[in-house]
Structure formats: C-alpha cells, structure tokens
Amino acid sequence: MEHPKVEFFTTRTKLEAQREQTVDVLIRITPPVPKPDLSTRPNWKGRPDLNLSLVLDRSGSMEGEKMIRAREAAMFCVDQMLPTDRLSVVTFDDRIEVLFPSEPVTNKQSMKDLISRVMARGSTALHEAWVRGGLSVSERMLNQGINRVVLITDGLANVGITNTDEIVSQAMGLFQRGVSTSTIGIGADFNEDLLMPMAQSGGGNAWHVVEPNDMQHIFQIELEGLIAQFAHTVSLSLIPADGVRIVDVLNDFDLTETGRYRLPNLQFGSPLDIVVQLKVGGEEVGTQMRLLDLRLGFTPQDAKNAEVLKQAHTVEFATRSEVERSAVNDEVIKAVQFLINARARNEAMKRMDQGDFDGAQAILGRSLSATRAACADFASAPAVMAECASLEETARSLTDRLKDKMSRKKLAYAAYNRRSGK
Amino acid sequence: MTQMVLKERGRKYVGLPEFARAGEQILAEMGLEQARGTVTSVPDERTIRYYMAEGLVQTPEEKQGTASVFGYLHLLQLLTVKKLQAEHLPIRKIRELVAGKSEQELETLLGVGSPAAKKTRESDAKRYLESLLAPSAASPPRQAAAAPTAPLPQQLDTSASWKRIEIEPGLELHMRSDYSPPATTGKTRSLLEKAIHRLRRLRG
C-alpha cells in the first residue's frame, strides 16, 4: 500500500537561536498518484465502485433554467458511470418520489428518460428526501466502494424536519455508518448554513452553483473526486516537543471524538495544506530540535482497516543574520495568508448577519491589503491573483443589498474550500 | 496488529501477571510511543492496578482461588487506554470514552474492527435511516417508474389505506389494506402472543 507523502515547510529553513518566536509550519499532505499497473490488485479498474443516490430538488423555485440544468447534470452523471456502479434518483418537493431505486447502471437510456421527465413544482421536503436517498444507497452498501448521497437543491428545508443542527448531526451519523453526503446548492436562496455543514459532517463535498450553467462542471468535479478518492476518515494529531506549544491551527478543523483534527477525504494526487502556528523557545546556534510529531490516520479506499502514518519534523537553530539572509518560502507565506483570509471571510459573514455591511466590507478590504503586502514578491502568481480578485469582487458586491444572499454564499464557500484544500 | 488482538477473543488470563504480559506483548507490537516519558509505554502490574482504581479498566468479577480472572473486554480496555494516552488524551477524557463500551465498540476505537463488524455496516446504515423517518412516513414512497400516470399520494402514508377495528371501548386495531391476516392457527397464535406481550408491557 502506498502512503501519502507528508512534508513540513517553515517560512525560513532555520529558526533563530536564543529567542522565543512564533513559527508558521506548513504541513503538506500529498496522496500518492495512482499507478497504472493493474496487476497488483485483482479486479481493480483504476477507481472504486460507486453506489450513488442523486437527491434532486424539484420544488417550484427550480422551475426554468435551474431545472433544465439539473436534469442535464443528472443525465451527465448517468453517462459517466459504469455498469458496475449503482445509481438511484430521488426527487422531492413536498412529496418524495423514488424516480428509480438503486440499480446497476446498465440501461443508461431508460434512466435518462426518467430523469428527463422531472418537472418543478411544490415546496421543499429536503430532510426526508435525503433520508430516502440514503436508504437507496444503504440497501446495496459497497464495502470497498463509495456509498454516497448527492443532494441537489436551490431552496430551504420547509417541510418535515427543518432544524439545521438535527439534520447536520444525522448526516454525521450516516457517515459513521458508511454513507457519505455531498450537497450542491444552486443560486442565492438555499441555506448554506445547512448544506455546508451537512457535507462537512457527512464526509462529502459542499458545492455552490452560482450560474445554472456551472452545474455540469460541478458534477464532473464531484464525480472525478469520488473516482479519485484515496482515503476517507482522515484524522491528524500533532504532538509538540517539550518547550514547543501549538498556538493555532489555521484550518479550523473540527475535532474527532478522540480529540484529533478531522481532515477532509484525501484525493489521489491532490495535496492538502495545513498551517500550524507554534511558539518555540530559542535554542543554541547549531542545535537540532525535533519540533513536532505528526500522526496521520486514514482508511484507504480499497482497504478495510485504518492506517497510521507517523512523521516528525526537526529544525536547526542559527544566528539571526544567517536566518535573515536565507530564502523565504513563498508557499508558506501564501498558505498562511489564504487561511487567514478564510477566517476573515467568516468574520465578514458574521458582520453581514448583524447588518454591519460596512464592517464586513472593511474586513475584506483589510484582507486584500494584507494579501497584497504579504505576497508582494510573487504578486503575479495565479493563486494570488485569483485570491485578490475574489476578495475584491465580494467586497464590491457588499455595496448592493440585492446581492447579499449571494455574497454571503460566496464568502462561505470560499472559506470552506480554502480550509479543506479544495 | 488486528489479528494479534482479535485472536485473543474469548481468552482468559488468570492473575494480574499473566494479564500484564498479554497486554505487554500486543502493545509492543502496536508500537505505541509515549512522549516525554510521562506515561509508561508498557503497563506493569502497578499501572494496571492504578487503571482499575481509576475505573479505566474494569475490576474483574471472576476469581480462581485468590487470582482475578481477566478477559477479552479487560484486554481491550487496557489497549484502548494505552492507545488514547499515546494520543495525549487526559485520563478524564479517556475514562469517558472507554467506560461502559462493549467489546465491539472498543475494537472500533482501537481500529481493529472485525470483518463481522464490517458486515453489519449495511444494515446499520439502513436501520439508522429508518429510525430517522417520522413514524407517519415509515412506509416506502411510491415508485414513479412503476406507474408514472397514477396520481401521487398527498402524503407518503395515506390514512385512507388503514382500517380501524374496535376491540373494546378505548382499544382499536389499525390494519393496513394490504395486510393479510395469519393463514394458519400456529401463525395466529404467535401473533396473539406478540399482542399479549405488548399489552403486558403497557401494564408495566
């Protein structure tokens, strides 16, 4: 079994001797690239089998472009699947209908015919529809494949159980029993405070479709993500050495019941950046010091049991002038700044919720200036330009009260994506 | 590691020294490192006594002569405590996590869940979801594929399809239209027994 690669980076390679300091450590976890060699694993098609249920909102507000695009996206999904995969489709408004129960994707045309007849009407029984989708999946659980419900909605749960916390904790309950949940929110009127935590606790992905046209693209990423999943149930513990203290983990991960950080699923070849801030006492010049021990727990997609990867990071202390002369690692600066921006976005959301739009705008403005200052030496890097453009655009949209719902969603999803390395 | 732990199922360890040795062997295999030397990595008899006093490992009830007889549950408790200590959890938190847990739950915490435990996963997810549905919605929804032109039910479970039969004033039997009554005397009897059982429980 191939392991993910864990690398540690600090802003400068060495730390300053004889001075207490705050050190940003970038931990980059890179899952392996899948090998084309198929001989090692019998029956391995290069991806796990999928057992999906698409839970599709057909309430009145979906009428028009959104419904058309959602149907197209669902049909696209059918086209991407293999006969060894299983698919069911559940549609909902105030009533729930199993369009077709979980079955192998052998007759694609008849599945697509059924999907093509889905029309918008009624209100939104989101919770029960999600449960029905889960039931379709749970009836045919794959032990080593991926069991997932994909919930697609543009609205608020307003029929049946509507309590956000309750639904979120149920999504976690279901994930602990082997079925994950992804959510796709469309437009400006759905509840991001439900859909995002639901996917996070549910072990899946949260997507925001801004334009109906993006739907197919999002579906494609979700499917590629499923196919490329390397490991699930990923957790991290960080144990600082004597004299070292963890000040902050900038990703704001949730904790598991055993007090470890709960990490997102790992995708083949796609790295996850984690930034931890440490308080370190200064040692003598030339001293090598073990800073941090890391334990990464994960369950590989094609294995039954969890594995643990252990690694430590050691640094050397040097004189102040030597440290100052050494090169600065842009990757660390960028990772730190982007995660701080993720927090700022959440703070701006809070201000918006309190009606303080000027305050929210000011926060984003400060993040923009801070990002420009911190990344001045590599301002033309695509990631930096994209980050600045996103901050600018959201700050600008905050001047228009008609765009509030959309602005809040953009803030929420940008912060979420950054933290979970998407 | 998994096999090492699972093959201990059903084993008994007579006396504390034998129990400590079994724990020691498996822990050595698990390779748990304890940081900073604050926690001993291999539990000696004294440590196990301390764990029992702290309620981390249950005190065995079974005795052989004067020796306590430890079992698989005690072993899992010991291994879990050491594992969680290696993860720097405080004793208080460990006690919360370990106390009252079944063998299967402890196996899961240890990450050695057996194939049998995995097998129950399917029904586990299903049972969980079924429990989340409101009782009024417990019957499956219609399948559109079967009859796309038929009118849809207003609710998942329409009351129209239920028949009410009064047994005596204050007690009714509700029967769904598609229910077929028991065909044999034996089946009728077992149904009555179920009813008697339920009624007894009501009486407390």
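A crossing of two packed helices is right-handed if the near helix is turned clockwise from the far one by less than a right angle, and left-handed if anticlockwise. This tour of a predicted model starts with such a crossing.

**Stop 1: two helices of chain B**

Select residues 72-86 of chain B, which form helix α4, and residues 91-98 of chain B, which form helix α5. The axes of these two helices lie 10 Å apart, and the packing angle is about 140°. An angle over 145° would count as roughly antiparallel and one of 65 to 115° as roughly perpendicular, so α4(B) is oblique to α5(B). Viewed with one helix in front of the other, α4(B) and α5(B) cross in the right-handed sense.

Now show the side chains at the contact. From α4(B), pick B:Gln77, B:Thr80, B:Val81, B:Leu84 and B:Gln85; from α5(B), pick B:Ile94, B:Leu97 and B:Val98. Sorted by class, this contact holds 5 nonpolar and 3 polar residues, and no charged ones.

**Stop 2: the three-stranded sheet of chain B**

Stay in chain B and select its open sheet of 3 strands, ordered β1-β3-β2 and paired antiparallel. Residues 13-14 (β1) and 63-64 (β2) of chain B are the edge strands, each pairing on one side only. Between β1(B) and β3 (residues 67-70) of chain B there are 2 bridges. Across from B:Val14, in β3(B), is B:Val69.

Zoom out to the whole of chain B. How many helices and strands does chain B have? There are 9 helices and 5 strands. Of its 204 residues, 17% count as buried. Taking contacts in chain B between residues at least 6 apart in sequence, 51% join residues at least 24 apart.

**Stop 3: the six-stranded sheet of chain A**

Move to chain A and select the open sheet of 6 strands, whose order is β6-β5-β4-β7-β8-β9 and whose pairing is mixed. Strands β6 (96-104) and β9 of chain A each have a single partner strand, so one side of each has no neighbour in the sheet. From one strand to the next, the twist averages 10°.

Within this sheet, pick β7 (residues 146-153) and β8 (residues 180-186) of chain A, a parallel pair joined over 6 bridges. A:Arg148 has A:Ser180 of β8(A) opposite. Next add helix α6 (residues 215-227) of chain A, which packs on the sheet and touches β4 (50-57), β7, β8 and β9 of chain A. Its direction makes about 165° with that of β9(A). Helix α5 (residues 192-201) of chain A lies across β8 and β9 of chain A, at about 155° to β8(A).

**Stop 4: A:Ala206**

Select A:Ala206, in strand β9 (residues 203-209) of chain A. Is A:Ala206 buried or exposed? A:Ala206 has 23 C-beta neighbours inside 10 Å and therefore counts as buried; the cut-off for buried is 20 or more. Leaving out residues up to four places away in sequence, A:Ala206 touches several residues, including A:Thr183, A:Leu195, A:Met196 and A:Tyr413. A:Tyr413 is 207 residues away along the chain, yet the C-alpha atoms of A:Ala206 and A:Tyr413 are separated by 7.9 Å.

**Stop 5: two loop residues with positive phi**

Most residues other than glycine have a negative phi. Select A:Gln18, in the loop between β2 (15-16) and β3 (21-30) of chain A; its phi is near 55°, a positive value. Then select A:Asp252, in the loop between β11 (244-249) and β12 (261-263) of chain A, with a positive phi near 50°. A:Gln18 is partly exposed, with 13 other C-beta atoms within 10 Å. For A:Asp252 the count within 10 Å is 13 other C-beta atoms, so A:Asp252 is partly exposed.

Methods
Residues are numbered from 1 along each chain as its sequence is written. Chains are lettered from A and ligands numbered from 1 in the order in which they are written. This is a predicted model: local features need pLDDT of at least 70, side-chain atom pairs count only at pLDDT 80 or more; totals for chains, interfaces and linings use all residues. Axes are lines fitted to C-alpha atoms, for helices over the stretch in contact, and angles run from 0 to 180 degrees between N-to-C directions. Helices (H or I, at least four residues) and strands (E, at least two) are DSSP runs, numbered from the N terminus. Angles under 35 degrees count as roughly parallel, over 145 as roughly antiparallel, 65 to 115 as roughly perpendicular and the rest as oblique. Two residues are in contact if their C-beta atoms, placed from the backbone, lie within 7 Å. Ala, Val, Leu, Ile, Met, Phe, Trp, Tyr, Cys and Pro count as nonpolar, Asp, Glu, Lys and Arg as charged, and the others, Gly among them, as polar. A residue is buried if 20 or more other C-beta atoms lie within 10 Å of its own, exposed if 12 or fewer, and partly exposed in between; C-beta atoms are placed from the backbone. Two strands pair if DSSP finds at least two bridges between them.
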